[in-house]
Amino acid sequence: MMKSPLDKIQLTPGQALPSGFPGPFIFADSLSSVETLLTNIQVNNISINKINGLLKVALDNAHIQEKQIQQEKKELRLELYREREIRENLERQLAVELQSRTTMQKRLKKEKKAKKKLQEALEFESKCREQVEQALKQATTSDSGLRMLKDTVIPDIEIENTGTPHDSTAMQA
């Protein structure tokens, strides 16, 4: 029978192993080289089981980290969704405010136009009133003024009935 190279290595208890050996060999005087080999395999299996245990712990940690990452992603998506909703809500409010502003500007423009028309009507009425007052003054000084007063008052009455001061100015001319 041939001896294995492992049988050639003789170590005493407490002696260091040569480099490259994963674990200590168990040598006993009463054990055969096969039994020694089996014992060494068992020791190596124990080491492999420890490595497997460490790998399992590392895998579990990786799963935990992956779950944490997924949870963080979910929270970030929710935050992004909330911020998007807030932005869209603010955009809608802005659109409503801009529409309101446009409406108010149109109303203001109409009111300015109406104010201008009222101002023109007031100026026209003031002129007519001045004419009537002048006619009254002249009427008190002469009889011919009475006729002039009638001519001035009649168009004013027509203005009140028709509501258009420009038509009565055409009649006066």
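Start by selecting residues 33–141, which form helix 2. This helix has 109 residues, and from its first C-alpha to its last it reaches 158 Å, close to the 162 Å expected at 1.5 Å a residue. Remember as you look around that this is a predicted model. Among the elements of the chain, helix 2 has the highest mean pLDDT, at 92.

Now zoom out to the whole chain. Reading along the sequence, you will pass through the pattern α-α-α-α, with four helices and zero strands. If you color by confidence, the mean pLDDT is 78, and 64% of the residues reach 70 or more.

Next, switch on a surface. The chain exposes about 15200 Å², of which carbon and sulfur atoms supply 58%. Of the 173 residues, 11% are buried. For a contact map, take the contacts with a separation of 6 or more: residues 24 or more positions apart account for 22% of them.

Which residues of helix 2 are buried? Select T36, T39 and N40, then F124, C128, V132, A135 and A139, and you have them.

Time to show side chains. A search of the whole structure finds three salt bridges, and here is a stop at each.

**K56 and D60.** Display this pair in helix 2, where the two residues sit four apart, about one turn of the helix. Their side chains meet in a salt bridge at 3.4 Å, N to O. K56 is exposed, with a relative accessible area of 53%, while D60 is partly exposed at 34%.

**R87 and E91.** Move along helix 2 to another pair four residues apart, again about one turn of the helix. The closest N and O atoms of this salt bridge are 3.3 Å apart. How exposed is E91? Its relative accessible area is 44%, so E91 counts as partly exposed. R87 is partly exposed too, with a relative accessible area of 44%.

**R129 and E133.** Here the side chains form a salt bridge of 3.3 Å, N to O. Both residues belong to helix 2 and are four residues apart, so about one helical turn separates them. R129 is exposed, at 58% relative accessible area, whereas E133 is partly exposed at 38%.

For the last stop, select residues 165–172, helix 4. Among the elements of the chain, this helix has the lowest mean pLDDT, 48. Then shift the selection to residues 167–173, where the pLDDT is below 50. Beyond near neighbours in sequence, this stretch has nine contacts in the model.

Methods:
Residues are numbered from 1 along each chain as its sequence is written. This is a predicted model: local features need pLDDT of at least 70, side-chain atom pairs count only at pLDDT 80 or more; totals for chains, interfaces and linings use all residues. Side-chain values use heavy atoms; hydrogens and water are left out. pLDDT is the predictor's confidence in each residue, from 0 to 100. Contact means heavy atoms within 4.5 Å. Buried means under 20% relative accessible area, exposed over 50%, partly exposed in between (1.4 Å probe, protein chains only). Accessible areas come from the Shrake-Rupley method with a 1.4 Å probe; for residues, only the protein chains shown count as cover. The expected span of a helix is 1.5 Å times one less than its number of residues. A salt bridge is a side-chain nitrogen of Lys or Arg within 4 Å of a carboxyl oxygen of Asp or Glu.
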